Amino acid sequence: MNDTDRQILALLRDNSRMSVTDIAKIVRISRTTAQKRIEIMEAEGIITGYTIKIKPGIEKNRIRAWMSVAVEGARASTIIQQLRGEPAVHTLHTTNGKWDLMVELRADNLEAFDQILGRIRRIEGIYNTETSILLSTRKA
């Protein structure tokens, strides 16, 4: 990847529906070159998909949180398997350092969120958790 590819990725990150013609104009390359670079990045797995952004506030009662999870011994794979079956788990990351896993949780309300926390904390092999509710998100 070079600077041109990074510029294309930045534009697509802001608007995945931006036309190849508009991308080419902004990056100052031909339309064919822009299309080819996008196709190469897709083929190499750099671009793995396209998505939409939902207007903030549309999901008014949606609670999101990060849960840090410490795992006993070598039980991580079993715990990951159990967490993958939990509908409230949106993303799941393995990490190094104090916490073994970072889990993004989603719930419709605080009561449901409390129940989710209880279910996860009862999973055998989890010996500590710390949860932070996401209050707002800023674009990087």
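Reader: Leucine 135: buried or exposed?
Author: Exposed. This is a predicted model, and leucine 135 has 80% relative accessibility. The cut-off for exposed is over 50%, so leucine 135 counts as exposed.

Reader: Where is leucine 135 found?
Author: In the segment after strand 4, which covers 126-133.

Reader: Which residues form a nonpolar patch on the surface with Leu135?
Author: Leu110 and Ile133. Together the three have about 360 Å² of accessible area.

Reader: Switching to the sheet. What order do the strands have?
Author: The order is 2-3-1-4. The sheet is open, has four strands and pairs antiparallel.

Reader: Which strands stand at the edges?
Author: Strand 2 (89-94) and strand 4. Each has a single partner strand, so one side of each lacks a neighbour in the sheet.

Reader: How are neighbouring strands turned against each other?
Author: By 20° on average, with direction ignored.

Reader: Back to strand 2. How many bridges join it to strand 3?
Author: Five. Strand 3 spans residues 101-107, and the two run antiparallel.

Reader: What stands opposite leucine 92?
Author: Valine 103, in strand 3.

Reader: And helix 4, which strands does it touch?
Author: Helix 4 (residues 76-84) packs on the sheet and touches strand 1 (63-71), strand 2, strand 3 and strand 4. Its direction makes about 165° with that of strand 2.

Reader: Which strands does helix 5 touch?
Author: Strand 1, strand 3 and strand 4. Helix 5 (residues 110-121) packs on the sheet too. The direction of helix 5 makes about 150° with that of strand 3.

Terms used. Residues are numbered from 1 along each chain as its sequence is written. This is a predicted model: local features need pLDDT of at least 70, side-chain atom pairs count only at pLDDT 80 or more; totals for chains, interfaces and linings use all residues. Side-chain values use heavy atoms; hydrogens and water are left out. Patches are made of residues with over 30% relative accessible area and no salt bridge: like charges are joined within 9 Å, nonpolar side chains (Val, Leu, Ile, Met, Phe, Trp, Tyr) within 5 Å. Accessible areas come from the Shrake-Rupley method with a 1.4 Å probe; for residues, only the protein chains shown count as cover. A salt bridge is a side-chain nitrogen of Lys or Arg within 4 Å of a carboxyl oxygen of Asp or Glu. Buried means under 20% relative accessible area, exposed over 50%, partly exposed in between (1.4 Å probe, protein chains only). Two strands pair if DSSP finds at least two bridges between them. Axes are lines fitted to C-alpha atoms, for helices over the stretch in contact, and angles run from 0 to 180 degrees between N-to-C directions. Contact means heavy atoms within 4.5 Å.
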